[in-house]
Amino acid sequence: MEVIIKKDRESAGRLAAKIIAGLINRNPAAVLGLATGSTPLGLYNELVRMHKEESLSFRHVKTFNLDEYIGLDPADPCSFYNEMHTNLLKRIDLAEGAAQIPDGRAKDIVASCEAYEAAIKRAGGIDLQVLGIGHDGHLAFNEPGSSLSSRTRIKTLSKVTIKANARFFGSEERVPKHVMTMGLGTIMEARTCMMLAFGKDKADAVAATVEGPVSASCPASVLQFHQNAIIILDEEAASKLQRHDYYIDVYEDKPDWQRYE
Ligand code: PGA
């Protein structure tokens with residue numbers, strides 16, 4: 001795992017955008033895995049800025065989102081479809097049909113999940129998957145107890161997640177209980193996993209992910225098994241890491257050829 005600690009979420013978002021822009025410059029037809037929530041907003045704003053001001057083009061890029069609420073209309077302001085289009089997809093030059101998001105309105109959820117997995121495979125797999133982390137250590141909507149090799153499927157949200165996401169819906173009662181989410185096995189097949197976490201309320205989940213045992217009780221800890229996992233944190237989210245100073249040294253002492261910035 002490469003743990004990068006930046007002083008704040010703004011500089012962390014800029015670094016994450018630089019890593020994605022580097023990938024697209026090397027491979028203009030890159031396949032990106034995208035995440036919703038507040039964490040990647042700075043990253044998405046920076047990608048939009050690079051698109052407008054530095055002619056970063058997404059014309060040949062394909063995207064797959066991690067998850068979606070079941071039962072919400074795509075036009076619902078709380079759907080991840082709507083959130084993703086508002087925050088990024090409508091603001092860049094993706095080709096028609098290049099962005100896929102699990103279909104929370106599918107009549108046959110099992111078939112729809114299988115089709116989503118097949119679409120990822122047809123696209124050649126995900127080159128870089130953007131990830132946030134839940135307070136309970138969830139990755140996408142893989143709540144604690146999720147199989148570490150799970151595939152795209154229906155999940156029931158935990159109370160912790162319902163509480164955290166109530167801010168978007170106005171009340172806990174209005175948060176859908178069920179979601180479709182890529183599985184941990186699906187996520188682990190991405191060639192690079194880039195997880196972002198900011199704020200002191202994420203510090204325990206981050207410490208369990210990076211320095212705790214690998215366990216379904218902290219689903220994000222599965223990233224310890226990933227060959228190429230980049231964890232980008234602000235100081236607050238990194239505040240409970242025992243090897244904090246070592247991660248800073250590693251980043252500062254990177255050989256030039258390994259540097260992102
Ligand atoms: P957040 O959500 O970015 O809004 O904190 C992250 C998550 O639940 O995975």
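Q: How far does a polar side-chain atom of His138 lie from an oxygen atom of the ligand?
A: The model is predicted, so that local features need pLDDT of at least 70 and side-chain atom pairs count only at pLDDT 80 or more, while totals for chains, interfaces and linings use all residues. Residues are numbered from 1 along each chain as its sequence is written, and side-chain values use heavy atoms, with hydrogens and water left out. A polar contact is a pair of N or O atoms within 3.5 Å; within protein, one must be able to donate a hydrogen and the other to accept it, and residues adjacent in sequence count only if both atoms are side-chain atoms. For His138 and the ligand, the separation is 2.7 Å.

Q: Which residue has a polar backbone atom 2.9 Å from an oxygen atom of the ligand?
A: The residues around the ligand, meaning those with a heavy atom within 4 Å of it, include Gly37, Thr39, Gly132, Gly134 and Arg167. The backbone atom that lies 2.9 Å from a ligand oxygen belongs to Ser38.

Q: What percentage of the ligand's own accessible area does the protein cover?
A: A polar side-chain atom of Lys202 is placed 2.7 Å from a ligand oxygen. On its own the ligand has 280 Å² of accessible area, calculated by the Shrake-Rupley method with a 1.4 Å probe (for residues, only the protein chains shown count as cover). The share of this area covered by the protein is 85%.

Q: Which strands form the edges of the open sheet?
A: Strands (E, at least two residues) and helices (H or I, at least four) are DSSP runs numbered from the N terminus, and two strands pair if DSSP finds at least two bridges between them. The 7 strands of this open sheet follow the order β1-β10-β9-β6-β2-β3-β5, with parallel pairing. Those that pair on one side only are β1 and β5.

Q: What is the bridge partner of Cys193 in β10?
A: Strand β9 (residues 192-197) is joined to β6 by 4 bridges and to β10 (residues 229-234) by 5 bridges, running parallel to β10. Towards β6, Leu128 has Thr192 as its partner in β9. Towards β10, the partner of Cys193 is Ala229.

Q: Which residues of β9 point the other way from Thr192, Met194 and Leu196?
A: In β9, 6 of 6 residues are buried, that is, under 20% relative accessible area (exposed means over 50%, partly exposed in between, with a 1.4 Å probe and protein chains only). The residues pointing the other way are Cys193, Met195 and Ala197.

Q: Which helix gives the largest share of the largest nonpolar core?
A: A nonpolar core is a set of buried Ala, Val, Leu, Ile, Met, Phe, Trp, Tyr and Cys residues joined through side-chain atoms within 4.5 Å. Among the 72 residues of the largest one, Leu43, Leu47 and Met194 touch the most other members. The largest share, 9 residues, comes from helix α1.

Q: What is the relative accessible area of Glu46?
A: Glu46 sits in helix α2 (residues 41-53). Not counting residues up to four places away in sequence, Glu46 touches Arg14 and Ala17, where contact means heavy atoms within 4.5 Å. Glu46 is buried, its relative accessible area being 12%.

Q: How far apart in space are Pro102 and Arg153, C-alpha to C-alpha?
A: Pro102 belongs to the loop between β5 and α4 and counts as buried at 3% relative accessibility. Beyond four places in sequence, the contacts of Pro102 include Asn65, Asp67, Tyr116 and Met180. Arg153 is 51 residues away from Pro102 in sequence, and the C-alpha separation is 9.8 Å.
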